[in-house]
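Visitor: I am new to this structure and would like a close look at a single part. Could you walk me through one chain, step by step?

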Amino acid sequence: MSKTYHLTTPLSDEIVSELQSGDIVYLSGTIYTARDAAHKRLVDLLDAGEDLPFDIKGAVIYFVGPTPPKPGDPIGSAGPTTSYRMDSYSPRLIAEGLKGMIGKGKRNKDVTDACEEYKAVYFGATGGAGALLGKQIKSAEVIAYEELGPEAVRKLEVVDFPVTVVNDTHGEDLYKIGRAKYEIK
Amino acid sequence: MREIAYEEIVKNVRDIIVYSASNLPEDALQAMKDAYENEKSPVSKEVLKQLLENADIASSEARPLCQDTGLAVFFVKIGADVKVVGGLLKDAINEGTEKGYVEGYLRASTCHPFTRANNKDTVGYNLPAIIHLDIVEGDKIDIEYAAKGGGSENVSRARVFPPAAGKQGVIDYVRECISDAGPNPCPPLTVGVGIGGTFEKAVISSKHALFRDIGSVNEDPDMAEMEETIKLELNKLGIGTMGMGGTETVLAVHIEANPCHIASLPVSVNVQCHSSRHTHITI
């Protein structure tokens with residue numbers, strides 16, 4: 001039976017290890033956005049031995065490229081993008097202390113292995129629910145790579161941002177578990 | 001000869017882009033409500049509920065349904081008795097597209113294929129639009145529009161089979177495509193299947209098939225039957241809403257079939273996410 005958690009970032013090894021595939025989590029606090037282009041730059045920085053534009057220890061990265069905000073709003077619609085495009089970069093960031101990723105869709109074995117080894121989780125948010133999810137974001141500030149437009153790195157403050165644990169630290173995968181229950185061979 | 005002003009086309013295109021971003025068309029909304037009623041998995045049902053709430057918020061607060069506001073895709077039929085005054089039809093569609101995306105606060109999602117530099121600073125905001133043009137009888141311009149997101153486009157595929165592959169070969173190919181895609185294209189899906197023609201004709205047909213209203217019946221009874229057969233097969237995959245597991249993976253399968261070369265059986269599968277933002281106007 002899945003549990004429901006209300007968690008505030010940064011996330012600790014202890015809490016991350018407690019989470020199981022299928023658990024529902026309402027996240028609050030600071031999270032950071034990054035998509036393909038930003039991930040490449042973050043990993044390039046690590047390769048060059050330089051500091052990242054934010055503290056990666058305990059951090060949660062949201063794979064999202066929001067729509068522009070309307071006047072008076074902190075952000076536009078902001079649902080998850082498909083995560084596999086970040087698969088080649090995520091393990092490196094997990095090894096540096098990243099504790100959570102929010103996206104949609106499958107991750108590869110390198111990512112799920114890194115989640116087990118370094119204690120990190122992959123959360124799924126509902127793809128295509130951009131209007132609803134955008135409302136849980138209370139502030140947004142571009143902190144790096146402004147020239148990337150929707151792909152810039154943003155620091156977000158979120159309140160009760162709804163996600164589900166897809167890949168936990170124990171090697172379980174919600175997509176496999178869920179599909180197996182309903183697949184007719 | 002009927003004259004239609006360039007600016008009128010620009011305004012119409014701008015308006016359908018802004019409207020479609022926040023308002024799921026009636027056919028897609030009904031299909032999602034039906035999926036919610038029929039879904040057996042409590043987890044997928046919960047996610048469907050969230051998506052219906054999202055559609056409510058988007059519509060009532062004029063917010064984009066999804067942050068991926070797509071590339072603008074048009075199928076345009078211009079009557080032979082129409083003269084566009086004040087500019088070219090294609091330019092009017094592109095200008096309306098840019099206006100719609102800028103004024104609607106929609107995302108600039110078009111970029112160079114390799115440098116990935118965003119086109120907003122060079123070519124234009126979310127330009128160029130993808131435009132398929134045809135000339136028909138009459139004095140009207142018929143515009144079918146869809147905002148096509150990247151996640152579902154990324155799992156689409158095409159292949160030219162030998163004729164011996166037959167119907168079963170096509171069914172197996174579509175099943176393999178949707179099975180491999182799993183949660184990635186944001187199910188429940190509409191699946192466009194282009195069959196026959198040449199390689200590119202099959203691909204364009206599979207795209208156009210997605211513009212048909214969900215719930216409409218194929219005019220060709222054989223294809224209507226094949227659509228139902230494939231839909232049943234795909235819903236056995238158990239993928240469910242957003243891949244959480246469930247009985248409702250596919251909202252509809254739409255086939256467009258064409259005559260083809262005696263040596264070939266081209267097949268294309270174009271996938272549409274649950275946020276099927278499409279519309280149709282006549283000027």
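Guide: Happy to! Let us take chain A, keeping in mind that this is a predicted model. A good way in is to ask how its residues meet one another. Among the contacts in chain A that link residues at least 6 apart in sequence, 62% bring together residues at least 24 apart. So that you can follow the chain by eye, here are its building blocks. Chain A holds six helices and seven strands. Walking along the sequence, you will meet them in the pattern β-α-β-α-β-α-β-α-β-α-β-β-α. That means the walk opens with a strand and ends with a helix, and near the end two strands follow one another in the pattern. Now step back to the overall form. The radius of gyration of chain A is 16 Å, close to the 16 Å that the globule rule gives for 185 residues, so chain A is as compact as a globular protein of that length. Its C-alpha atoms fit a box of roughly 45 × 40 × 30 Å, laid along the principal axes. As for the inside of chain A, 49% of its 185 residues count as buried.

For some context, glance across at chain B. Here you will find eight helices and ten strands. Its radius of gyration is 19 Å, close to the 19 Å that the globule rule gives for 283 residues, so chain B is as compact as a globular protein of that length. The C-alpha trace of chain B spans about 55 × 50 × 40 Å along its principal axes, and buried residues make up 50% of its 283 residues. Among contacts in chain B between residues at least 6 apart in sequence, 82% join residues at least 24 apart.

Terms used: Residues are numbered from 1 along each chain as its sequence is written. Chains are lettered from A and ligands numbered from 1 in the order in which they are written. This is a predicted model: local features need pLDDT of at least 70, side-chain atom pairs count only at pLDDT 80 or more; totals for chains, interfaces and linings use all residues. Helices (H or I, at least four residues) and strands (E, at least two) are DSSP runs, numbered from the N terminus. The radius of gyration is taken over C-alpha atoms; the globule rule is 2.2 Å times the number of residues to the power 0.38. A residue is buried if 20 or more other C-beta atoms lie within 10 Å of its own, exposed if 12 or fewer, and partly exposed in between; C-beta atoms are placed from the backbone. Two residues are in contact if their C-beta atoms, placed from the backbone, lie within 7 Å.
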